[in-house]
Amino acid sequence: MPRKQYPSTNPFRLPLFLLLALLFSASSTHAQSSPPHLPEKSSPLSRTPLQWVSAAAALELPMVRLENPYLRYHMLYQGNKGIELRDEIESRDGMVARLIALNGQPLTPEKDAAERARLQYLLDNPQDFYDHHKTDQDGKNLAVELIQQLPHAMFFTYAADQTPAGHFPGSQVVIDFTPDPAFKPKTTKGEALRGLAGRIWIETNTGHMVRMHATIIKDTNIGWGILARIYKGGVLDLEQTDTGHNHRWVFSRLDEHITVRALLVKTINVNVKLQSSGYQPIQSLRFQDAIHILLDTPLPTHCPCN
């Protein structure tokens, strides 16, 4: 029986959910600091940092919900297994993916056969697919729980340095976020919010977040450390982009370097880089139909790596 592997969310990607939670704090009434100077009324800095973050939050929801258009794209994963290139399709049941290149080279016939067997296993055992994606949904539910507490957990302030992020077009506002030391979590899972600080770049023309950089500034526990313990010093840096299809934005790059101990058992160093490209709109599909499309697609004769 093929070993079941799924290129998707896992418990050790928890800090990424915290970053997502930050984006979704659209109803906060938490007090915010003033901009560095009094701007003209038409200036982007005439809005409070919270107003910018709240407006960006509403624009992020379709991305997480995988609302139409669904997309197909390449995802480049660099981690402990080397550099993997995957062909990914968003189905209405969840993401499906096929490994198409490894370490810059097309798959060997043996590795391709194993990958085909893995996908065929999912077709033959759909409950395994649904169970796996229920775990993904549980992670999103955790993010929602943190969202409910987040407005009382963070301060948002304009960064003194308003330098735009890299290669993104258009003007941007730059906003820092730090934990409120007076924050008292309503649940044990909310303790995770005490340890995250960083910076957000928001494009003023569209209102979308284009980059976020965050640091784990102190050891934090999830569920008294029983579910997980996230150690100080971790760094996460993510970017997102407009795919050019019906204003659909997606994560285009993620660098994640954290240390996590899960379930009091094992400490894991997570060093992952992700980069997506080649976005194509696709109709709403069942996961089985998406798998058939992947299986019917010939392997590339050379690695279309970024």
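Of the 306 residues in the protein chain, 49% are buried, where buried means under 20% relative accessible area, exposed over 50% and partly exposed in between, with a 1.4 Å probe and protein chains only. This is a predicted model, in which local features need pLDDT of at least 70 and side-chain atom pairs count only at pLDDT 80 or more, while totals for chains, interfaces and linings use all residues. Residues are numbered from 1 along each chain as its sequence is written, and side-chain values use heavy atoms, with hydrogens and water left out.

The protein chain has five helices and 13 strands; these are DSSP runs numbered from the N terminus, with helices (H or I) of at least four residues and strands (E) of at least two. About 14,800 Å² of the chain is exposed, and carbon and sulfur atoms supply 54% of that area, by the Shrake-Rupley method with a 1.4 Å probe. Among contacts (heavy atoms within 4.5 Å) with a separation of 6 or more, 62% join residues 24 or more positions apart.

Now to the interior. The largest nonpolar core has 40 residues, and F156, V173, I175, F177, I200 and I202 have the most contacts inside it. Such a core is a set of buried Ala, Val, Leu, Ile, Met, Phe, Trp, Tyr and Cys residues joined through side-chain atoms within 4.5 Å. Apart from this core lies another, of 15 residues, including Y70, V96, L119 and A290.

L119 also appears among the buried residues of α3, with D112, E115, R118, Y121, L122 and L123. Helix α3 covers residues 109-124, 16 in total, and reaches 22 Å from its first C-alpha to its last, close to the 22 Å expected at 1.5 Å a residue; the expected span is 1.5 Å times one less than the number of residues.

Strand β6 (residues 172-179) holds Q172. The side chain of Q172 reaches the backbone nitrogen of A165 at 2.7 Å, a polar contact being a pair of N or O atoms within 3.5 Å, one able to donate a hydrogen and the other to accept it. Leaving aside neighbours within four places in sequence, Q172 touches Q162, P164, A165, W201, I202, E203, T204 and V210, while V173 touches residues including P44, L45, W52, Y158 and I200.

N103 sits in the loop between β3 (94-102) and β4 (105-106). N103 has a positive phi of about 55 degrees although it is not a glycine. Most residues other than glycine have a negative phi.

Here are two accessibilities side by side.

| Residue | Relative accessibility | Class |
|---|---|---|
| Q172 | 9% | buried |
| N103 | 47% | partly exposed |
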